[in-house]
Amino acid sequence: ESLNCDGDKLHLLKSWKKGMTGFPLVDAGMRQLVAEGWMPQKVRLASSTFLVEVLGVSWREGMKHFAEFLVDYDEAINSNMWMNAGCVGFD
């Protein structure tokens with residue numbers, strides 16, 4: 001799950017963070033996150049699932065990114081959402 005030795009995953013993570021994946025819903029949500037510090041809950045779910053399931057990037061990377069930009073950041077809620085996206089949560 002580490003990005004240290006996988007250049008492809010690092011590129012995918014950067015594209016996801018910039019809203020440049022080519023998937024309009026994910027891209028719009030990621031751009032909104034950076035511009036406004038917020039995105040609707042369903043778009044958060046879509047974006048987190050996309051990062052983990054489609055791009056194969058660790059949920060921890062997404063958790064860190066959301067923590068940096070969310071104006072409504074709550075450590076417990078953010079961590080739980082990302083653990084669920086990574087299929088390691090309590091859900």
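## Salt bridges, aromatic pairs and a shared core

D72 sits at 39% relative accessibility, so this residue counts as partly exposed. The model discussed here is a predicted one, and D72 is a handy place to start looking around, since the side chain of D72 meets that of R44 in a salt bridge, with N and O 2.9 Å apart. The two partners come from distant parts of the chain: R44 belongs to helix α3 (residues 41-54), while D72 lies in the loop between α4 (59-69) and α5 (75-85), and 28 residues separate them. Their surroundings are not alike either. R44 is buried, at a relative accessible area of 10%, whereas D72 is partly exposed. As for the pairing itself, side chains of opposite charge can pair when their charged atoms come close.

How many salt bridges does the structure hold? The count is 2. Besides R44 with D72, there is K64 with E61, where the closest N and O atoms are 3.5 Å apart. This bridge stays inside one helix: K64 and E61 are 3 residues apart in α4, which means about one helical turn lies between them. E61 has 17% relative accessibility and so falls in the buried class, under the 20% cut-off.

Next come the rings. A search of the whole structure turns up 4 aromatic pairs. One of them is W16 with F66, a stacked pair with centres 6.0 Å apart and an angle of 10° between the planes. This pair, too, links distant parts of the chain, with W16 in helix α1 (residues 7-18) and F66 in helix α4, 50 residues further along. W16 counts as buried because its relative accessibility is 0%, and F66 is buried with a relative accessible area of 0% as well. W16 also pairs with W82, this time edge-to-face: the centres are 6.0 Å apart and the planes make an angle of 85°. Since W16 is in helix α1 and W82 in helix α5, the pair ties together parts that are 66 residues apart in sequence. Both tryptophans are buried. Put together, the ring pairs link W16, F66 and W82 into a cluster.

Where do these rings sit in the wider packing? The largest nonpolar core counts 18 residues, and W16, M30, L51, F66 and W82 are the ones with the most contacts inside it. Each of α1, α2 (24-36), α3, α4 and α5 supplies at least two residues of this core. The largest share, 4 residues, comes from α3. W16 itself has a long list of neighbours: leaving aside residues up to four places away in sequence, W16 touches T21, V26, M30, S47, F50, L51, L55, G62, H65, F66 and W82.

Helix α3 deserves a closer look. Its 14 residues span 19 Å from the first C-alpha to the last, close to the 20 Å expected at 1.5 Å a residue. Which of the residues of α3 are buried? They are V43, R44, S47, S48, F50, L51 and V52, a list that includes R44, the salt-bridge partner of D72. The buried residues of α3 pack against α1, α2, α4 and α5. After the helix comes G56, with a positive phi near 70°.

Back in the loop between α4 and α5 lies D74. D74 is partly exposed, as its relative accessibility is 34%. The side chain of D74 reaches the backbone nitrogen of I77 at 2.9 Å. By contrast, D74 and V57 are 22 Å apart, C-alpha to C-alpha, with their places 17 residues apart in sequence.

A last stop is S15, found in helix α1. Is S15 buried or exposed? S15 is buried, because its relative accessible area is 15%, under the 20% cut-off. Not counting residues up to four places away in sequence, S15 touches M20 and T21; T21 is also among the residues that W16 touches. The C-alpha atoms of S15 and V52, residues 37 places apart along the chain, are separated by 14 Å.

Key: Residues are numbered from 1 along each chain as its sequence is written. This is a predicted model: local features need pLDDT of at least 70, side-chain atom pairs count only at pLDDT 80 or more; totals for chains, interfaces and linings use all residues. Side-chain values use heavy atoms; hydrogens and water are left out. A salt bridge is a side-chain nitrogen of Lys or Arg within 4 Å of a carboxyl oxygen of Asp or Glu. Buried means under 20% relative accessible area, exposed over 50%, partly exposed in between (1.4 Å probe, protein chains only). Rings of Phe, Tyr and Trp (its six-membered ring) pair if their centres lie within 6.5 Å; planes under 30 degrees apart count as stacked, over 60 as edge-to-face and the rest as tilted. A nonpolar core is a set of buried Ala, Val, Leu, Ile, Met, Phe, Trp, Tyr and Cys residues joined through side-chain atoms within 4.5 Å. Contact means heavy atoms within 4.5 Å. The expected span of a helix is 1.5 Å times one less than its number of residues. A polar contact is a pair of N or O atoms within 3.5 Å; within protein, one must be able to donate a hydrogen and the other to accept it, and residues adjacent in sequence count only if both atoms are side-chain atoms.
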